[in-house]
Amino acid sequence: MGTHSIFHTNFNVTKRSLICFILGFLCIDAAYPNCGGNEDLKGTVDYQAINCRKHSASLADFGGKGDGKTSNTAVFKAAIANLSKVASDGGAQLVVSPGRWLTGSFSLISHFTLYLHKDAVLLASQEESDYLLIDPLPSYGRGRDAAGKRFQSLIFGNNLTDVIVTGGNGTIEGQGEIWWKKFKSGQLHNTRPYLIEILYSNQLQISDLTLKNSPSWHVHPTYCRDVIIERLTILAPIDSPNTDGINPDSCTNTRIRDSYVVSGDDCIAVKSGWDQYGIKFGMPTQHLSIRKFTCISPDSAVIALGSEMSGGIQDVRAEEIYAINSQSGVRIKTAPGRGAYVKDIYVRNMTMNTMKYAFWMTGAYGSHPDEGYDPKAIPVINNINYMEITGKNVTIVGNLAGIEGHPFTGICMNDVIIELAKKKIKKSIFFGEIKPKKLPWNCTDISGTSNNVSPTPCGLLQDKKVKCSFPADKLDIDNVELKTCSV
Ligand SMILES: *[C@@H]1O[C@H](CO)[C@@H](O)[C@H](O)[C@H]1NC(C)=O
Ligand SMILES: *[C@@H]1O[C@H](CO)[C@@H](O)[C@H](O)[C@H]1NC(C)=O
Ligand SMILES: *[C@@H]1O[C@H](CO)[C@@H](O)[C@H](O)[C@H]1NC(C)=O
Ligand SMILES: *[C@@H]1O[C@H](CO)[C@@H](O)[C@H](O)[C@H]1NC(C)=O
Ligand SMILES: *[C@@H]1O[C@H](CO)[C@@H](O)[C@H](O)[C@H]1NC(C)=O
Ligand SMILES: *[C@@H]1O[C@H](CO)[C@@H](O)[C@H](O)[C@H]1NC(C)=O
């Protein structure tokens, strides 16, 4: 699929272990002490990664303190600067051992792995001064919270190749409450930091971590290629503002697997820039595969496509999706002014329990970056496939609204069985029992087909007995096998 992912081995793990074994404490990695250090006394821990590293060091080697109080920002920066010297010699892994490690924002480098031990917690500083102010993204033209600058994410990366953030399910705690309060009370002059944001990079892995309480979005790969996001647990209060789980933004070749998100906003939001800025930047999100994903999002979508989609969204494949207590399933959000397209979307085997809407499409999502948007830039929505979908306790099956005069086309539904919520029967002393009127579907400005869909769909989705499509091939990123590395 026009991809070029080469996840090459930098160093053979087995060979490395053998050298360490033979040399014992005189290990060739003496400058990076973890190789003969504490972990080895208790045995090594294995983890899965796109690449293993030749060198290893522990944050504590650089004077870090995991007491939950001492700031480690400078220590992270020094450690990473030191390890950048071996980036071209097999790369390095920086291990964060058990403890609570307070830190502000820091930046990653190429050929580098940040590894959080299972009992390691990175605590995000709550001081604004611990986050650099950086420019808005070119495809957005401004920050989302305020017209000014953006606070750099806690873990940041720019222009990198081969970078990994992983662990034995260690935790990154965003301590977002203070930011949520400032946002809600209009006290922010700049846009909140994300937890992890990586820009203009390729061969990126974020996996085997618990991410909590980000000030805003949790994981934001932007303008990236070859992205692997796996085995993440993302937890934020269901009333916290904009705490989206995973937001692939203008990325090509991404896989999201085996992850679980509970959040105050969309569990996954697929994006590609905002109105005239996104149209000009012109970088789509494409070739995205999502599998084995579970979501709880009472006020938002399991997977949102948009609303910022002005670089286009194409070829999204979602399978084995489980949604509980969420507002909507796979939702399309757009508006005149966005331009571009959302097309070739495939959803198969999705199970939903307790939903407001099983299907929701909105062609009037509003919210523009400024007055400079072009209301004639009409997004094209086409070839949207939903198949093998079940839902229970659903309030409204489909609320599907395109744009007047520019309908959303090629919407296909196959084998969709939705059970509506049992309506509460109101008792009236005058009229006896009143059953509320059911409105399972509300369709405007859309067209498409249905086949074996219950309850009977709206007339705009004609029953044509056609099969919806799902690509038979796999994406290259689906075929990438992770290596077993050790700490
Ligand atoms: C940084 O790297 C050099 C090797 O270039 C090494 O000698 C030195 O010990 C390292 N510093 C620390 C604090 O580990
Ligand atoms: C990106 O990194 C490469 C090499 O790592 C460097 O040559 C280039 O100047 C960098 N580009 C930007 C925009 O920083
Ligand atoms: C990771 O930790 C979270 C939070 O404690 C837990 O819910 C989740 O099950 C753990 N995941 C794995 C794979 O152990
Ligand atoms: C459908 O998804 C569920 C998980 O939600 C999985 O257990 C099941 O095997 C999947 N069925 C097919 C046919 O892939
Ligand atoms: C059905 O959904 C409602 C909320 O819409 C919830 O209060 C109720 O517990 C759900 N019932 C079941 C059986 O899940
Ligand atoms: C149906 O959808 C149209 C268009 O979005 C909206 O104006 C209308 O209020 C909806 N009807 C109901 C009963 O929700």
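Biologist: Leaving out residues up to four places away in sequence, what does threonine 409 touch?

Modeller: Threonine 409 touches Ile381, Asn382, Asn383 and Ser447 once those sequence neighbours are set aside. Keep in mind that this is a predicted model.

Biologist: Got it. Where is threonine 409 placed?

Modeller: Threonine 409 sits in strand 25, which covers residues 408-420.

Biologist: And is threonine 409 buried, partly exposed or exposed?

Modeller: Partly exposed, because its relative accessibility comes out at 27%, and buried would need under 20%.

Biologist: How far is threonine 409 from aspartate 445, in sequence and in space?

Modeller: They are 36 residues apart in sequence, and their C-alpha atoms are 8.7 Å apart in space.

Biologist: Let's zoom out. How many helices and strands does the chain have?

Modeller: The chain has six helices and 31 strands.

Biologist: What share of the residues counts as buried?

Modeller: Of the 487 residues in the chain, 58% count as buried. As for the surface, the chain exposes about 19,400 Å², and carbon and sulfur atoms supply 53% of that.

Biologist: What about contacts: how much comes from residues 24 or more positions apart?

Modeller: Taking the contacts with a separation of 6 or more, residues 24 or more positions apart account for 78% of them.

Biologist: Switching to tryptophan 179. Which helix is that in?

Modeller: Tryptophan 179 is in helix 4, residues 177-184.

Biologist: Is tryptophan 179 buried or exposed?

Modeller: Buried, because its relative accessibility is 0%.

Biologist: So what is tryptophan 179 in contact with, apart from neighbours within four places in sequence?

Modeller: The contacts of tryptophan 179 are Ser125, Glu128, Tyr131, Phe151, Leu188, Arg192, Pro193 and Pro215. Aromatics come into it too: Tyr131, Phe151 and Trp179 make up one aromatic cluster.

Biologist: And how far is tryptophan 179 from glutamate 127 in space?

Modeller: From C-alpha to C-alpha, tryptophan 179 and glutamate 127 are 9.7 Å apart, with their positions 52 residues apart in sequence.

Biologist: Since you brought up aromatics, how many aromatic pairs are there in the whole structure?

Modeller: A search of the whole structure turns up twelve aromatic pairs. One of them is tyrosine 223 with phenylalanine 281, a tilted pair with 4.7 Å between centres and 40 degrees between the planes.

Biologist: Which parts of the chain does that pair tie together?

Modeller: Tyrosine 223 is in the loop between strand 16 (219-222) and strand 17, while phenylalanine 281 is in helix 5 (residues 275-281), so the pair ties together parts 58 residues apart in sequence.

Biologist: How do the two compare on burial: which is buried, and which is partly exposed?

Modeller: Tyrosine 223 counts as buried because its relative accessibility is 5%, and phenylalanine 281 counts as partly exposed because its value is 27%.

Biologist: What about phenylalanine 359 and tryptophan 441: why is that pair stacked?

Modeller: The ring centres of phenylalanine 359 and tryptophan 441 are 6.4 Å apart and the planes are at 10 degrees, so the pair is stacked; the angle has to be under 30 degrees for that. Phenylalanine 359 is in strand 23 (residues 341-362) and tryptophan 441 in strand 28 (residues 441-444), so this pair links distant parts of the chain, 82 residues apart. Both phenylalanine 359 and tryptophan 441 are buried.

Biologist: OK, ligands. Which residues surround ligand 6?

Modeller: Around ligand 6 you'll find Ala401, Leu439, Asn442 and Thr444. On its own, ligand 6 has 360 Å² of accessible area, and the protein covers 34% of that.

Biologist: How does the shell around ligand 6 break down by class?

Modeller: Two nonpolar residues, two polar ones and no charged ones. A polar side-chain atom of asparagine 442 is 2.4 Å from an oxygen atom of ligand 6.

Biologist: And which residues are around ligand 3?

Modeller: Asn169, Thr210 and Thr233 are around ligand 3. Polar side-chain atoms come up to oxygen atoms of the ligand at 2.5 Å for asparagine 169 and 3.1 Å for threonine 210.

Biologist: Last one: where is serine 240, and what do its side-chain polar contacts reach?

Modeller: Serine 240 is in the loop between strand 17 (225-235) and strand 18 (252-262). Its side chain reaches the backbone oxygen of proline 237 at 2.6 Å, and a 2.9 Å polar contact joins it to the side chain of threonine 243. Serine 240 is buried, with a relative accessible area of 2%.

Definitions and conventions: Residues are numbered from 1 along each chain as its sequence is written. Chains are lettered from A and ligands numbered from 1 in the order in which they are written. This is a predicted model: local features need pLDDT of at least 70, side-chain atom pairs count only at pLDDT 80 or more; totals for chains, interfaces and linings use all residues. Side-chain values use heavy atoms; hydrogens and water are left out. Helices (H or I, at least four residues) and strands (E, at least two) are DSSP runs, numbered from the N terminus. Buried means under 20% relative accessible area, exposed over 50%, partly exposed in between (1.4 Å probe, protein chains only). Contact means heavy atoms within 4.5 Å. A polar contact is a pair of N or O atoms within 3.5 Å; within protein, one must be able to donate a hydrogen and the other to accept it, and residues adjacent in sequence count only if both atoms are side-chain atoms. A residue is near a molecule or strand if one of its heavy atoms lies within 4 Å of it. Accessible areas come from the Shrake-Rupley method with a 1.4 Å probe; for residues, only the protein chains shown count as cover. Ala, Val, Leu, Ile, Met, Phe, Trp, Tyr, Cys and Pro count as nonpolar, Asp, Glu, Lys and Arg as charged, and the others, Gly among them, as polar. Rings of Phe, Tyr and Trp (its six-membered ring) pair if their centres lie within 6.5 Å; planes under 30 degrees apart count as stacked, over 60 as edge-to-face and the rest as tilted.
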